[in-house]
Amino acid sequence: MITYLDSLFKGGNFLINIEQVNFSYQGEETHGSLNQINIHIKNGECILLCGKSGCGKTTITKLINGLIPHFNQGQLTGKTVVDGMIVADTPMYQLSEKVGSVFQNPKSQFFNIDSDSELAFGLENNGIAPDIIRQQVNKTVHDLHIENLLHRDIFTMSGGEKQTLAFASVYAMNPEIYVLDEPSANLDRASTLTLGKQLKHIKSQGKSIIVAEHRLYYLTDIIDRAIFIVDGKIIKEYSREEFLKLTDEERHQMGLRTIYQKNPPYTIKSDIDGELQVKNLSVKDKQHIIFDNVNFSVSSGEILGILGSNGTGKTTLMRCLAGLLKEHSGEVLHHGKKLSLKERNAICYMIMQDVNHQLFGESVWSECELSRDEKITDTEIENSLTFFDLLDFKDKHPMALSGGQKQRLAIVTGIVAGKKILIFDEPTSGLDYDHMCIVSQTLKDLAKQGHIILVVTHDMEFLEMTCNQVVQIGGNYF
């Protein structure tokens, strides 16, 4: 019997060959480890790496772009060959001429503080002539429709804008192979669909794409194969047709997200009579109005979704509510009493979009102890870590965790902080289906305990199962 893979690979020449690879990070026996990985990718293919958080998707991308073994140390056996180059024997600068990478955290690949310089950096680093650099940057801006990102300070950009800029900086270098790790994690719905069109465009140019993703709906027209990974092992490879035929129940059992674009029914919250009231709130950055005249309210037991396109000021609004940023005008009231910055900070806890900004402990356990309310017991911390599949990592450094695990740890720190108002900024960024459901149920449980929950999210699947009502910032999101 001839299988799908037999017919695909028989007699073929492959652009990427990963052969009998085993890998474990130095000092780590299980997290991110790989076991007998064999992947063969033809020129022009788009391959999806899917599976639960921490299953090894990111580690496989590092085999292809050379971060393993040139940057990440560990126990490695087997061989990875990219376009005829043995990765372990090829300098990174030579690999980067063929392979362009977009990381899960885009800030980790920026080298400049302004967007124009970042777009040109890779080309400059390769010694391209200035007139060619200008042409290529202009082409990138035109092709990707990112005029709004020009002449910008990177530090003032939203997470989604940074993610788009990271992709554009790689596109400008015109690599043959694109390796993308959770490229939609911080993107709004419109930007995610735009990313899908961009990937379709580069695939039409004959480029090869390897993408590790949890959000799947924007990739259904692009992928050729899906590789399903569990605990560092390839469980099964699917053709596109086979993958799309999986039922919702089968995908959920695999820990995978929906393949359908969600447009859930929702109610716009407009009353201002709740326990926490936001009235005519505005925030300025120097002379620039970030958002203006925002009004809404929320009460104990409610979960309020905050929607808005990338760059509309959602995170800035949440920082203002949490007492981390002073408003230009307007007021925030709790039970009718106007709150100062200090008073807001005392009752609010914010889980940030980039959780690297708020992880300071030497271990997962010490991170929880740094945030814990004095009434929280060790047993309660242990229960929370167990609930979020983090107890086995309690002695690990937070920076050694995967992106999804860091996100879950930040949520745990918010839970053990014991604050009345909990603010979550993109809490499902980088999370698989199972952990998205856990976060959703946790927020519902916290709401039942009398907390006020505010959630900034672009995740429509999560919004549908979690939030009671929504507030839109910066115009109609849908």
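Student: In this model, which residue is the bridge partner of Leu304 in β19?

Tutor: The model is a predicted one, and in it Leu304 has Gln469 of β19 as its bridge partner.

Student: What makes β13 and β19 paired strands?

Tutor: Two strands pair if there are at least two bridges between them. Strand β13 (residues 303–307) is joined to β19 by 4 bridges, so the condition of at least two bridges is met. The two strands run parallel.

Student: Why are β16 and β19 said to stand at the edges of the sheet?

Tutor: The open sheet has 5 strands in the order β16-β17-β18-β13-β19, with parallel pairing. Both β16 (348–351) and β19 (469–472) have a single partner strand, so one side of each is left without a neighbour in the sheet. Neighbouring strands here are turned against each other by 20° on average, direction ignored.

Student: How do you know whether α14 and α15 are roughly parallel or roughly antiparallel?

Tutor: The axes of α14 (residues 378–387) and α15 (residues 403–417) cross at roughly 150°. Angles over 145 degrees count as roughly antiparallel, and the two helices are therefore roughly antiparallel to each other. Their axes come within 10 Å, and the crossing is right-handed.

Student: Which residues of α14 and α15 meet, and what is their character?

Tutor: Ile381, Ser384 and Leu385 of α14 meet Leu409, Val412, Ile415 and Val416 of α15. The residues of this contact divide into 6 nonpolar, 1 polar and no charged.

Student: Where does α15 lie with respect to the sheet strands β16 and β17?

Tutor: Helix α15 lies across β16 and β17 (421–425), and runs at about 175° to β16.

Methods
Residues numbered from 1 in each chain as written. Predicted model: local features only at pLDDT ≥ 70, side-chain atom pairs only at ≥ 80, totals over all residues. Heavy atoms only, no water. Axes fitted to C-alpha atoms, helices over the stretch in contact; angles between N-to-C directions. Parallel < 35°, antiparallel > 145°, perpendicular 65-115°, else oblique. Left-handed = near helix turned anticlockwise from the far one by under 90°. Contact = heavy atoms within 4.5 Å. Nonpolar A, V, L, I, M, F, W, Y, C, P; charged D, E, K, R; others polar.
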